[in-house]
Amino acid sequence: MAVTGGIGPVEPGEDTHAWDAAAHARPRGRAARLYGRHRRTVLTTAAALLLLLGGGYLYADRTREPAAGPPPYPSQAVTLEYLDAVDGASGSKGGGFSFAVRLSVRSGPPVTVTRIAQPSAGLSVTSSPEAPFQTKPHSATKIIVTLRVTECDKAPRNLGFPFLDVTLRNARAIQAHSFILGSRYARQLSQALQVACSNDSR
């Protein structure tokens, strides 16, 4: 029996049916129909959830920044600069020697001056503003200090590096600090003391 070849569509055999790809690929049931209608929304929501979970993990796992350190000690945040003798300072025992200084707070919390003093037992100290007073950070306060001779025998002579004792307080600590005000202050103070004690001896 001769077999003839040909080209054409393949016909299904007996008791067979053509494969319905669309019928087998499409899910069945109510859930499947809902998924089919809202597939884009479901995929978008799932992607957003994945991004959110991933971002939360990265946030929780990030390297934590170290906590801010304590504020500086008040003596580390403050400068005290000698300006000049105040006009009209007589140098007499009654009037005293008045001079101006500038206290600056460079950083940290506000600093309060609680006391201004000097080491000599023969001198008394007053200031304007009167302690205690506060200076905010990144600002300065001009202070007029007046030294009066109380006892010439105990007043210092030939001052080399006279200093001013200032007690400072901020949120971290309270400190007594000695500020050297420089050679001009030493010279002017020596002259004022000589005048005060020479007048007193007459």
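Which residues does V125 touch, not counting residues up to four places away in sequence? In this predicted model, the residues in contact with V125 are I116, A117, Q118, V145, T146 and L147. V125 has its place in strand β4, and with a relative accessible area of 22% this residue is partly exposed, because buried would require a value under 20%. Although V125 and L147 are 22 residues apart along the chain, their C-alpha atoms are separated by 4.8 Å.

The strand that holds V125 belongs to an open sheet of 4 strands, which are arranged in the order β1-β2-β6-β4 with antiparallel pairing. The edges of this sheet are formed by β1 (78-85) and β4 (123-128), each of which pairs on one side only, and neighbouring strands are turned against each other by 30° on average, direction ignored. Between β4 and strand β6 (residues 139-149), the antiparallel pairing extends over 6 bridges, and within this part of the sheet S127 stands opposite V145 in β6.

Another open sheet, also described by antiparallel pairing, is formed by 4 strands in the order β5-β3-β7-β8. Here the edge strands, each pairing on one side only, are β5 (133-135) and β8 (174-180), while the average turn of neighbouring strands against each other, direction ignored, is 35°. Strand β7 (residues 163-169) pairs with β8 in the antiparallel sense over 7 bridges, and L168 has Q175 in β8 as its bridge partner.

Apart from the pairing of strands, the chain is also linked through cysteine side chains, for which the count comes to 1 disulfide. This disulfide joins C152 to C197, with a distance from S to S of 2.2 Å, and it links distant parts of the chain, since C152 is in the loop between β6 and β7 whereas C197 is in helix α5 (residues 183-201), 45 residues apart. The torsion about the S-S bond is about -105°, and the disulfide is therefore left-handed. C152 counts as buried at 14% relative accessibility, and C197, with a relative accessible area of 10%, is buried as well.

Aromatic side chains provide a further set of contacts. A pair of aromatic rings is described by the distance of the centres and the angle of the planes. A search of the whole structure finds 4 aromatic pairs, among them the pair of Y82 and F99, which is tilted, with 5.7 Å from centre to centre and 45° between the planes. Because Y82 lies in strand β1 and F99 in strand β2 (residues 97-105), this pair ties together parts that are 17 residues apart in sequence. Y82 is buried, with a relative accessible area of 8%, and F99 is likewise buried, with a relative accessible area of 0%.

The ring of F99 also pairs with that of Y185: the centres are 4.9 Å apart and the planes stand at 55°, so this pair is tilted. As F99 lies in strand β2 and Y185 in helix α5, the parts that the pair ties together are 86 residues apart in sequence, and both F99 and Y185 are buried. Ring pairs link Y82, F97, F99 and Y185 into a cluster. Finally, a contact between a charge and a ring is found at Y73, where R172 lies over the face of the ring, at 3.9 Å from the ring centre.

Notes. Residues are numbered from 1 along each chain as its sequence is written. This is a predicted model: local features need pLDDT of at least 70, side-chain atom pairs count only at pLDDT 80 or more; totals for chains, interfaces and linings use all residues. Side-chain values use heavy atoms; hydrogens and water are left out. Two strands pair if DSSP finds at least two bridges between them. Helices (H or I, at least four residues) and strands (E, at least two) are DSSP runs, numbered from the N terminus. Axes are lines fitted to C-alpha atoms, for helices over the stretch in contact, and angles run from 0 to 180 degrees between N-to-C directions. Buried means under 20% relative accessible area, exposed over 50%, partly exposed in between (1.4 Å probe, protein chains only). Contact means heavy atoms within 4.5 Å. A disulfide is a pair of cysteine sulfur atoms within 2.5 Å. Rings of Phe, Tyr and Trp (its six-membered ring) pair if their centres lie within 6.5 Å; planes under 30 degrees apart count as stacked, over 60 as edge-to-face and the rest as tilted. A charge sits over a ring if NZ of Lys or CZ of Arg is within 6 Å of the ring centre and within 35 degrees of the ring normal.
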